[in-house]
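Subject: Structure handover and notes

Dear colleague,

I am passing on the structure we discussed, together with my notes on what was found in it. Please open it alongside this message, as the notes are easiest to follow with the residues in view.

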Amino acid sequence: MTSAADWWREAVIYQVYPRSFYDTNKDGIGDLPGITRKLDYIASLGVDIVWISPFFKSPMKDFGYDVSDYCDVDPLFGTLADFDRLLQRAHELGLKVMIDQVLSHCSELHPWFVESRQSRDNPKADWYVWADPQPDGSPPNNWLSVFGGSAWQWDARRRQYYLHNFLVSQPDLNFHHPDVQQAHLDSMRFWLERGVDGFRLDACNFHFHDRSLRSNPPALNRDTKTVQDNNPYGMQAHIYDKTQPENLAFLEKIRSLLNEYGAIAIGEVGADDSLGVMAEYTADGNKLHMAYSFNLLTPDFSAAYIRKQVEEFEVRVKGGWVSWSVGNHDVVRVMSRWGGVHPVPQFAKMMLAMQLALKGTPCLYQGDELALTEADIAYEDIQDPYGITFWPEFKGRDGCRTPIPWVATEPHGGFSPVKPWLPVPPEHASSAVDVQDADPASALNYARHILHWRKQWPQLTRGEMHFYDAPEPVLALRRDLPGHPAVMALFNLRDQPISFNLPDAAQATQMPGYDLPGKVSGAQVELPAFGAWFGILES
């Protein structure tokens with residue numbers, strides 16, 4: 001059973017990518033006042049937490065994930081006063097606000113790094129990961145950047161290399177230095193004092209590195225969950241460049257700070273053994289509240305695959321808690337990634353129902369409630385440095401970051417009256433909010449319906465989970481909560497109807513109100529293309 005302190009276990013998170021949500025100052029880029037103006041829309045969905053991607057001061061080389069001031073708002077997005085108004089309005093609507101914290105690295109323009117690179121003996125000289133070259137001038141070891149090439153960049157002034165696990169312009173902080181840890185704790189306290197309800201910790205297993213700077217060995221099994229298969233980063237076993245044991249004590253410090261304010265933290269974990277790391281980082285109730293998994297953000301899409309990820313988490317993360325997401329700002333939109341060549345709104349409905357049936361805290365990405373497809377961005381319009389580096393085999397992350405279409409008939413989908421930072425695909429007009437608002441059968445109205453419907457069934461928010469053996473492409477599970485009848489949930493993940501026998505179905509009665517096609521007669525289950533069925537199991 002959950003307590004009032006564990007409210008986040010029953011919550012649903014909605015991720016807002018500020019650049020692409022709503023533009024109020026007519027510069028083609030979304031802003032904080034735009035989020036505030038649309039908070040009523042977010043609240044209407046039935047979600048509980050708004051996760052806002054970075055809006056801090058930044059040169060925007062990685063669109064806000066390169067922070068130059070952890071305690072201020074970038075003018076592109078507004079002001080601290082704008083944030084305070086957003087927070088106040090969210091709380092009036094009963095919404096919690098969670099902000100992104102990018103602690104492992106910052107911008108090269110951050111005053112800390114500007115000072116650090118001046119010399120080897122200034123007060124912040126050791127705030128970053130500096131290392132001498134090898135005798136032949138090459139980098140200290142073989143560590144690679146997620147965004148391509150060596151993770152080391154030569155600095156002529158210090159005559160040393162600095163570590164950057166992402167862009168060259170994103171130097172990694174040295175968390176072995178206690179002052180670095182304290183500086184980050186202080187910046188988090190700054191936002192907690194303003195009233196934020198929690199943090200999403202970006203790349204939270206990158207905080208520490210191996211002090212001896214040992215080279216990584218080759219990967220025994222190539223990582224394709226956190227990077228695409230043409231990225232050499234996946235060819236290494238990342239034993240020494242991240243996920244170091246010292247991180248556990250730092251996460252405990254963060255939890256202690258959060259406990260002072262009743263706030264929560266969810267950590268993004270991308271690792272060779274992500275489930276093992278998630279188990280460590282959420283264990284014992286003194287580190288992260290939840291781990292954010294990459295395991296359903298892959299191209300893999302089968303009932304067997306989904307079941308394997310969820311079951312392995314349940315086995316390995318005893319007492320921990322997961323946030324399952326099928327989309328975010330870094331991956332191809334789920335409608336295109338899993339929905340087939342010609343995805344249909346029915347797929348979005350089934351997918352959301354499936355996500356809400358899993359044990360954990362669902363995290364939805366803006367636009368998925370509209371069943372938006374991945375945009376095909378022309379090379380000349382690409383903004384993402386990751387995509388520019390790996391073009392054309394990998395087009396980057398812009399295709400899932402295009403602006404939200406609010407009004408079908410307005411320029412740029414009503415997102416902005418001027419040309420936006422990324423184009424609004426013409427095909428998104430038919431999925432605009434105003435179009436779907438007027439259609440009772442739309443993906444948007446179904447999302448509102450199923451999110452509110454889920455709240456009526458504590459089995460789906462707090463129950464234990466078990467899977468049935470069912471034929472592909474069917475995912476079949478049950479949720480059990482003491483004092484309540486078990487709930488059975490069946491999902492057809494493909495665009496062809498399927499019939500099969502499931503003995504427990506004979507003891508089940510269809511639940512009212514979930515509004516997806518599917519039926520059971522005795523033990524015979526019939527699910528149409530992208531259909532689903534929920535039933536109450538008789539005791």
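How many bridges join strand 2 to strand 5, and do these strands run parallel or antiparallel? Four bridges join the two, and strand 2 and strand 5 run parallel. Before going further, please keep in mind that this is a predicted model, and that the values below were computed from it.

Strand 2 and its partners

Within the pairing of strand 2 with strand 5, Ile49 stands opposite Lys96 in strand 5. Strand 2 also pairs with strand 1 (residues 13-16), again in the parallel sense and over four bridges, and in that pairing Tyr14 stands opposite Val50 in strand 2. Strand 2 itself, which spans residues 49-52, is covered on both faces, since Ile49 and Trp51 on one side and Val50 and Ile52 on the other are all buried.

The nonpolar cores

The largest nonpolar core holds 144 residues, and the members that touch the most other members are Ile42, Phe55, Leu201, Ile306, Phe491 and Phe534. Helix 10, residues 345-357, gives the most to this core, with nine residues. A second, separate core of 15 residues includes Ala11, Ile13, Ile49 and Leu297, and Ile49 is also one of the buried residues of strand 2 described above. If you would like one residue from which to look around the largest core, Ile42 may serve: leaving aside residues up to four places away in sequence, Ile42 touches Tyr14, Val16, Phe21, Val47, Val50 and Leu95.

Strand 21 and its partners

Strand 21 (residues 532-537) is mostly covered, with six of its six residues buried. On one side these are Ala532, Phe534 and Ile536, and on the other Trp533, Gly535 and Leu537, so that both faces of the strand are covered. Strand 16, residues 487-492, is joined to strand 21 by five bridges and runs antiparallel to it, with Phe491 opposite Ala532 in strand 21. Strand 18, residues 508-510, likewise pairs with strand 21 in the antiparallel sense, over three bridges, and here Thr509 stands opposite Ile536 in strand 21. Phe491 and Phe534 may already be familiar, as both are listed among the members of the largest core that touch the most others.

A three-strand open sheet

Which strands form the open sheet with the order 6-8-7? There are three of them, as the order shows, and their pairing is antiparallel. Strand 6 (130-131) and strand 7 (152-155) are the edge strands, each of which pairs on one side only. Strand 6 is joined by two bridges to strand 8, residues 160-163, and the two run antiparallel; Trp130 stands opposite Tyr162 in strand 8.

Backbone points to look at

Most residues other than glycine have a negative phi, and most peptide bonds are trans. Against that background, four places deserve a look.

- The peptide bond from Trp391 to Pro392 is cis, with omega near 0°, and Pro392 lies in the loop between helix 11 (385-390) and helix 12 (433-437).
- Glu472 and Pro473 are joined by a cis peptide bond with an omega of about 5°, and Pro473 lies in the loop between strand 14 (464-467) and strand 15 (474-480).
- Phe63, although not a glycine, has a positive phi of about 55°; Phe63 is found in the loop between strand 3 (56-57) and strand 4 (69-73).
- Ala371, also not a glycine, has a positive phi of about 60°, and its place is in the loop between strand 13 (363-365) and helix 11.

Are Phe63 and Ala371 buried or exposed? Phe63 has a relative accessible area of 7% and Ala371 one of 8%, and because buried means under 20%, both residues count as buried.

A buried histidine in a loop

Finally, His110 is found in the loop between strand 5 (96-101) and helix 4 (111-116). At 4% relative accessibility, His110 counts as buried. Not counting residues up to four places away in sequence, His110 touches Val67, Ser68, Asp69 and Tyr70.

With best wishes

Methods:
Residues numbered from 1 in each chain as written. Predicted model: local features only at pLDDT ≥ 70, side-chain atom pairs only at ≥ 80, totals over all residues. Heavy atoms only, no water. Buried < 20%, exposed > 50% of the residue type's maximum accessible area, 1.4 Å probe, protein only. Contact = heavy atoms within 4.5 Å. Core = buried A, V, L, I, M, F, W, Y, C linked by side-chain atoms within 4.5 Å. Pairing = 2+ DSSP bridges.
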